[in-house]
Amino acid sequence: MELQVYRLDGSETGRTVTLDPTVFEIEPNDHVLWLDVKRIEANRRQGTHKVKNRAENAHSTRKLYRQKGTGYARAGDAKSPIRRGGGTAHGPQPRSYALKVNRKTRRLARRSALSYKAKAEAIRVIEDFTFERPSTRQLVEVLTAQGLAGRKVLILTGTHNPTVYLSSRNLPKVRVLEARNASTRDLLDAQVLLMQESAVEVLNRQLTTAPVAA
């Protein structure tokens, strides 16, 4: 698949880039996409939830009343989970929610996400660019010229581009990432991928090393 490369003002450069068919034209695997997104979402959880159990509750250990002769059920101290202010039984404790997904599976998920975007014609390639200093106005002008104003856009750069990244922070629907760091969730979450020429080369080089699914 070949895509036209556009200038910042939205005009065509006359150049095209080739999207590797083993990256952008495979049959997407929905189950693998689900696995990888589940992994990403799970790994974002802090797992710091905590309640006090019976041993940690700050109450006296005195037996509330004698064992026999009261007519009431046997009772120990006030830390009992069945009493108001007592410890919590089987409550949440700190834990890790991290999930492991094999590297080949993660790569297949990214290729599947990119193939979905290519099939939906939601990929636009732009020449490499940067700004002298961070400027939200300049970035908005670039997006408007590309016909992407108001859409949820993920801009993929070939290398770390701090000025473009800083220019996007005031735009709620725009994200800027290095192509090599874009996860499956990042790719699926965007309506349109605006990729610099060098970003296409990075993805072609990075993801073709994985075996192609049958």
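Okay, one definition before anything else: a residue is called buried when its relative accessible area is under 20%, exposed when that area is over 50%, and partly exposed in between. Keep that in your head, because V37 has a relative accessible area of 22%, and that makes it partly exposed. One more thing to keep in mind is that we're looking at a predicted model.

So, let's stay with V37 for a moment. You'll find V37 in helix α2. If we skip its neighbours within four places in sequence, V37 is in contact with T184, R185 and L188. Now compare V37 with Y97: the two are 60 residues apart in sequence, and in space their C-alpha atoms are 14 Å apart.

Right, let's zoom out. How is the protein chain divided into domains? There's domain 1, which takes in 2–28 + 99–207, and there's domain 2, which covers 46–96. So domain 1 is written as two stretches of the chain, with domain 2 numbered between them. Take the C-alpha centres of domain 1 and domain 2, and you get 54 Å from one to the other.

Next up, helices. Start with α2, residues 30–44, and α3. Their axes come within 8 Å and cross at roughly 115°. Angles of 65 to 115 count as roughly perpendicular, so that's what we call α2 relative to α3. As for the hand of it, α2 passes α3 in a left-handed crossing. Who's doing the touching here? On the α2 side we have D30, V32, L33, D36 and R39, and on the α3 side T105, R106, L108, A109, S112, A113 and Y116. Sort those contact residues by type and you get six nonpolar, two polar and four charged.

Now α3 has another partner to talk about, and that's α7. Helix α3 is residues 103–119 and helix α7 is residues 197–207; their axes come within 11 Å and cross at roughly 140°. That angle puts α3 and α7 in the oblique class. Here too the crossing is left-handed, with α3 passing α7. From α3, the residues R107, R110, R111 and L114 meet L203, Q206 and L207 of α7. By type, this contact splits into three nonpolar, one polar and three charged.

While we're on α7: why do we say it's largely enclosed by the rest of the structure? Because eight of its eleven residues are buried. Those buried residues in α7 are E197, S198, A199, V200, V202, L203, N204 and L207. You'll recognise L203 and L207 from the contact with α3.

Keep walking along the chain and you get to T208, in the segment after α7. Is T208 buried or partly exposed? Its relative accessibility is 32%, so T208 counts as partly exposed. Here's a fun one: T208 and D20 sit 188 residues apart in sequence, yet C-alpha to C-alpha they're 7.8 Å apart in space. Not counting residues up to four places away in sequence, T208 touches D20, T22, V23 and L203. And yes, that L203 is one of the buried residues of α7.

Okay, over to the loops. Between α2 and α3 there's a loop, and R95 lies in it. R95 has a relative accessible area of 46%, so R95 is partly exposed. Setting aside neighbours within four places in sequence, R95 is in contact with Q46, G47 and H49. There's also K50, 45 residues from R95 along the chain, with 9.4 Å between the two C-alpha atoms.

H90 is in the loop between α2 and α3 as well. What's its phi? H90 isn't a glycine, and still its phi is positive, about 60°. With 84% relative accessibility, H90 counts as exposed.

E121 is another non-glycine with a positive phi, about 55°. Look for E121 in the loop between α3 and β3, which is 123–126. At 73% relative accessibility, E121 counts as exposed.

Last stop is G147, in the loop between α4 (136–145) and β4 (153–157). G147 comes out at 52% relative accessibility, so G147 counts as exposed. Its C-alpha is 8.0 Å from that of G10, although the two are 137 residues apart in sequence.

Notes:
Residues numbered from 1 in each chain as written. Predicted model: local features only at pLDDT ≥ 70, side-chain atom pairs only at ≥ 80, totals over all residues. Heavy atoms only, no water. Domains from an automatic or database assignment. Axes fitted to C-alpha atoms, helices over the stretch in contact; angles between N-to-C directions. Helix = DSSP H or I, 4+ residues; strand = E, 2+ residues; numbered from the N terminus. Parallel < 35°, antiparallel > 145°, perpendicular 65-115°, else oblique. Left-handed = near helix turned anticlockwise from the far one by under 90°. Contact = heavy atoms within 4.5 Å. Nonpolar A, V, L, I, M, F, W, Y, C, P; charged D, E, K, R; others polar. Buried < 20%, exposed > 50% of the residue type's maximum accessible area, 1.4 Å probe, protein only.
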